Every structure is written in structure tokens, then in C-alpha cells.
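Reader: I've got the sequence and the fold up on my screen, and I'd like to know what backs up the labels people put on it. Can we go through a few?

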Amino acid sequence: KVAISASRKGYEENSILLRIKVRKIMEKTVVGEMIKQAVLRLMVTDATVRPLKVCRNLASYSAATVTFDTRPRIDDDCLTVKADKENNWASIDLTDWIRDWVTDPAKANFGVTIKGRYRDRLTTKYN
């Protein structure tokens, strides 16, 4: 995971780049078992009326050198999750993306970007 943050034109934009190691997850499953559901759960420490966006990354990046300006491009078709309850989990269903990455390895798994804006605290605690 990589957390990056920057101010642009008077508002703050926060992003977390998260790689999901699908191959390692699949190595731990029973042979031939299908993915029934894959959910990313985010701990919301500061509630907001603005939804968080979860977007697929379209290019690879190095966690050691990525910056706000060099972060990977993201897919325009993002998922959203409400983060309106303080100190609670917000869940987002990534099943379709994970299935794509497992069944067709040619579809590059560059991870996801979780985006929030202005006073939206993104935590790196996940399960």
C-alpha cells in the first residue's frame, strides 16, 4: 500500500494505492474452488457525506518512487462506497474485478486507488 496526499486549488485530495495479491490468495484456496465474493472493508475514522471512490489502476508503479504527480492512471469506471458512519467499516464489493484478474491473467492487476477529498481521512487499516 502507498498513501499519497496533495492540495490542489484549495482542496485536499487523498489517495491510497493498494495492490491486491490475487495469486497468493488463490494459492491458499482449495483446487478448483471459485471466488464467491470479494469485499474490501475500509475503517472510516472520520465520517463524511462524500463517497469514497475505488478505481482500478491502469498502469504499474513502484511503491518506493510513486508520488502524487507520478501515480498511475485510473479507470474512469470507479466504484463508490459511503463513508458516513464514524468508527465503522465501509464495505465495497470487488468480486467482479478479482474474478477478472484470476480467470484472465492477461488483464493486468495493477491494484486499486482509493480516493477521498478534503478532510476525508483514509486509513490504511483494512481486512
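Author: Let's begin with a rule: two strands pair if DSSP finds at least two bridges between them. Keep in mind that this is a predicted model.

Reader: Then what makes β4 and β5 a pair?

Author: The pairing rule asks for at least two bridges. Strand β4 and strand β5 (residues 79-81) have three, in the antiparallel sense, so they qualify as paired. One of the partnerships links lysine 53 to threonine 80 in β5.

Reader: Why is β4 called largely enclosed?

Author: Buried means under 20% relative accessible area. Four of the five residues of β4 (residues 52-56) are buried, so the rest of the structure largely encloses this strand.

Reader: And what does valine 54 touch?

Author: Contact here means heavy atoms within 4.5 Å. Leaving out residues up to four places away in sequence, valine 54 touches Cys78, Leu79, Ile92, Leu94, Trp97, Val112, Thr113 and Ile114. Val54 is also among the residues that touch the most other members of the largest nonpolar core, which has 21 residues. At least two residues of this core come from each of β2 (11-18), β3 (39-44), β4, β6 (88-93), α2 (95-103) and β7 (112-117).

Reader: How do you know whether threonine 113 is buried or exposed?

Author: The limit for buried is under 20%. Threonine 113 has 3% relative accessibility, so it counts as buried. This residue belongs to strand β7.

Reader: What makes the link between threonine 113 and asparagine 57 a polar contact?

Author: The N or O atoms have to be within 3.5 Å. The side chains of threonine 113 and asparagine 57 are joined at 2.4 Å, so the distance fits the cut-off.

Reader: Why is serine 91 called partly exposed?

Author: Partly exposed covers the range between the 20% and 50% limits. Serine 91, in strand β6, has 44% relative accessibility, so it gets that label. Its contacts, not counting residues up to four places away in sequence, are Val39, Leu40, Arg41 and Val81.

Reader: What makes you say that arginine 71 sits over a ring?

Author: The distance limit is 6 Å from the ring centre, and the charge must also be within 35 degrees of the ring normal. The charged end of arginine 71 is over the ring of phenylalanine 68, 3.8 Å from its centre. Arginine 41 lies over the face of tryptophan 89, at 4.6 Å from the ring centre.

Reader: How many aromatic pairs are there?

Author: The count is zero. Ring centres would have to lie within 6.5 Å to pair.

Definitions and conventions: Residues are numbered from 1 along each chain as its sequence is written. This is a predicted model: local features need pLDDT of at least 70, side-chain atom pairs count only at pLDDT 80 or more; totals for chains, interfaces and linings use all residues. Side-chain values use heavy atoms; hydrogens and water are left out. Buried means under 20% relative accessible area, exposed over 50%, partly exposed in between (1.4 Å probe, protein chains only). Rings of Phe, Tyr and Trp (its six-membered ring) pair if their centres lie within 6.5 Å; planes under 30 degrees apart count as stacked, over 60 as edge-to-face and the rest as tilted. A nonpolar core is a set of buried Ala, Val, Leu, Ile, Met, Phe, Trp, Tyr and Cys residues joined through side-chain atoms within 4.5 Å. A polar contact is a pair of N or O atoms within 3.5 Å; within protein, one must be able to donate a hydrogen and the other to accept it, and residues adjacent in sequence count only if both atoms are side-chain atoms.
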